[in-house]
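Me: I'd like to go through this model with you and ask how each label is earned. Could you give me the cut-offs as we go?

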Amino acid sequence: MRAGSRSQAWRSRRYRWDLRWSPYAFVAPFFLFFGAFGLFPLLYTGWAALHQVELTDPDAMTWVGARNFTRLLSDEFFWNALRNTVTIGLLSTVPQLLIALGLAHLLNYRLRGSAFFRVAVLTPYATSVAAATLVFVLLFGRDYGMVNWVLGLVGIDAVDWQNGTLSSQLAVSAIVVWRWTGYNALIYLAAMQAVPPELYESAELDGASRFQQFLHVTIPSLRPTILFTCVVSTIGATQLFGEPLLFNGGGGATGGADHQFQTLGLYLYEQGWVNLHLGRASAIAWAMFLILVLVGGAVRLLRGRGEGR
Amino acid sequence: MRALKAGRLTYVVLGLFTLGSLFPLVWTAIAASRNNTRLAQTPPPFWFGGNLGRNLSVAWTDANMGTALLNTAVVAGTVAAGTVVFSTLAGFAFARLRFRGQRLLLVLVVGTMLVPPQLSVVPLYMLIAELSWTDHLQAVVLPALVSAFGVFFMRQYLAQALPAELVEAARVDGASSLRVVWHVVFPVARPAMAVLGMLTFVMAWNDFFWPVIALTQNGSPTVQVALTGLGRGYIPDQSVIMAGALLGTLPLLLVFVLFGRQIVGGIMQGAVKG
């Protein structure tokens, strides 16, 4: 009897202990790994950006204050990369999201073989940056590429996709559009299916055509989702790296002979792992982050104004 | 859900989209089955040639594809398994358990999703260099083992799919937290775990930025890193490069053929809740 009550007391103590601490045990792995490989490096980047650090000897850090940052301001390649990131970002994000919206609208119809179409348009998502870019390099080849061959059929002269500024940026954007349009279409499709059907019914009673319904019911209902995809695509566009690296063929991290498609992500890599200046690479990373924060702030401001009206 | 029937034009346009989505992949296989000379001619080939076997074997040896594929499978498999288990545990804690600091920690998890990975890449490299992990697979596995998106995804799923009464009932029966996880949470979470696992696997398989930096010496590269090496020769053999691209893509295409519907469902599910 006494032994039983003692073991019961022990059991209930263990039970309370379990109730109290196991939640922490369950979230601990995430925070441990995140702390070591996410948060610590994140904070340390700011510190590294204030030093001269070379890849060859990462332990030897010399304090240089804000020099890595001031240097960026007068660095033409930095501004070039920033410009390229913005134009390639626009060239890839805007068409991608517009096409995805139209595609989602089509997928939202009652379709035969809808599962097939959904999987088919998502397939590029399963392709790696590396594989996709290598294929597109060939498709965009100047002399024997398929794109120029098709253009030739309709009487357009061959375009030197790799060496022009706009043409190379268009080609790099095409890879991004190809890989991500289907993915975004599925996200829009999910949001479209959550739109209450009554909205369409009342619009139909008001005599709205299908296109008007799309404009005045679907698009407004999708606003949060559209904003979400804009944010995600913008973040993705600032980080663009693999496409411009490999679109250069064997040419390395310069982003073309004239740096015509070198993005910020690629410039960071070139500074850090080709030119071996880790401190400067950190400063570029911070500049990229600042730009994102500024864009985010601008979006917020615009949105606040729109809702205030 | 609106159920307007699709007209013929819809099928035509969707057919074109399908063609656009699949054509570069099909053409990879066509180019991989030709030779370099044929690829340097117009019009480009539209049908298969007889060189596939030769190109695959050259790509296999030149880029060390066997090792690379094995490495990538190990990396993607471990990352997917770790992410799924850790995300389910944390997601369960956030969805159904109560503890001090819960809200704050959840905000922290969601907040980490907004931070771009470049921001930590330099110190992360310094860290793995310090640990002598460069060119070792743990350099790409360990930092990817947990995912804020995964935690959030599992939390949202369990908050909806796991009734609080079910957990209570197990508690009343005297089950410890670990038993609850094993006998209640994991079975309920299985569909979401499968989807998260596949999404993570695809992402880890295709990851490029960090592996290119961390696996610099090509000692034990992933497929993606190995592919960048294939194009570096003086006169790159395009058909061999295409064969390499094909080898790196085929395993994922297989996953897509088998589980495409579930992956589509998972992306759409995550989109509505996220």
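Reply: Gladly, and let's start with accessibility: buried means under 20% relative accessible area, exposed over 50%, and partly exposed in between (1.4 Å probe, protein chains only). This is a predicted model, in which local features need pLDDT of at least 70 and side-chain atom pairs count only at pLDDT 80 or more, while totals for chains, interfaces and linings use all residues. Residues are numbered from 1 along each chain as its sequence is written, chains are lettered from A and ligands numbered from 1 in the order in which they are written, and side-chain values use heavy atoms, with hydrogens and water left out.

Me: Why is D160(A) called partly exposed?

Reply: Its relative accessibility is 27%, so D160(A) counts as partly exposed. R142(A), with 46%, gets that label too, and so does D143(A) at 45%.

Me: What makes D160(A) and R142(A) a salt bridge?

Reply: The rule asks for a side-chain nitrogen of Lys or Arg within 4 Å of a carboxyl oxygen of Asp or Glu. For D160(A) and R142(A) the closest N and O atoms are 4.0 Å apart, and the pair is counted as a salt bridge. D160(A) sits in the loop between α6 (146-153) and α7 of chain A and R142(A) in the loop between α5 (129-139) and α6, 18 residues apart. Helices here are DSSP runs (H or I, at least four residues), numbered from the N terminus.

Me: What makes R142(A), D143(A) and D160(A) a network?

Reply: Salt bridges link the three residues. Besides the bridge to D160(A), R142(A) forms one with D143(A), with N and O 3.2 Å apart.

Me: How do you know which salt bridge joins two chains?

Reply: D18(A) lies in helix α1 of chain A and R171(B) in helix α9 (residues 164-172) of chain B, so their pair joins two chains. Their closest N and O atoms are 3.7 Å apart, and both D18(A) and R171(B) are buried. Across the interface of chain A and chain B the rule finds one salt bridge, whereas the whole structure has five.

Me: How many residues of each chain are in contact at that interface?

Reply: Contact means heavy atoms within 4.5 Å, and with that rule 90 residues of chain A meet 99 residues of chain B. The residues on the side of chain A divide into 68 nonpolar, 15 polar and seven charged. In that count Ala, Val, Leu, Ile, Met, Phe, Trp, Tyr, Cys and Pro are nonpolar, Asp, Glu, Lys and Arg are charged, and the others, Gly among them, are polar.

Me: Why is helix α12 (residues 223-230) of chain B called largely enclosed?

Reply: Seven of its eight residues are buried, so the rest of the structure largely encloses α12(B). Among them are V223(B), Q224(B) and L230(B).

Me: What makes F247(A) and F261(A) an edge-to-face pair?

Reply: Rings of Phe, Tyr and Trp (its six-membered ring) pair if their centres lie within 6.5 Å; planes under 30 degrees apart count as stacked, over 60 as edge-to-face and the rest as tilted. F247(A) and F261(A) have 5.4 Å between centres and 75° between planes, hence the edge-to-face label. Both F247(A) and F261(A) are buried.

Me: And why is R179(A) called buried?

Reply: At 7% relative accessibility, R179(A) counts as buried. R179(A) belongs to helix α7 (residues 165-193) of chain A, and the residues it touches include Y125(A), A132(A) and E243(A).

How values were computed. Lists of a residue's contacts leave out its neighbours within four places in sequence.
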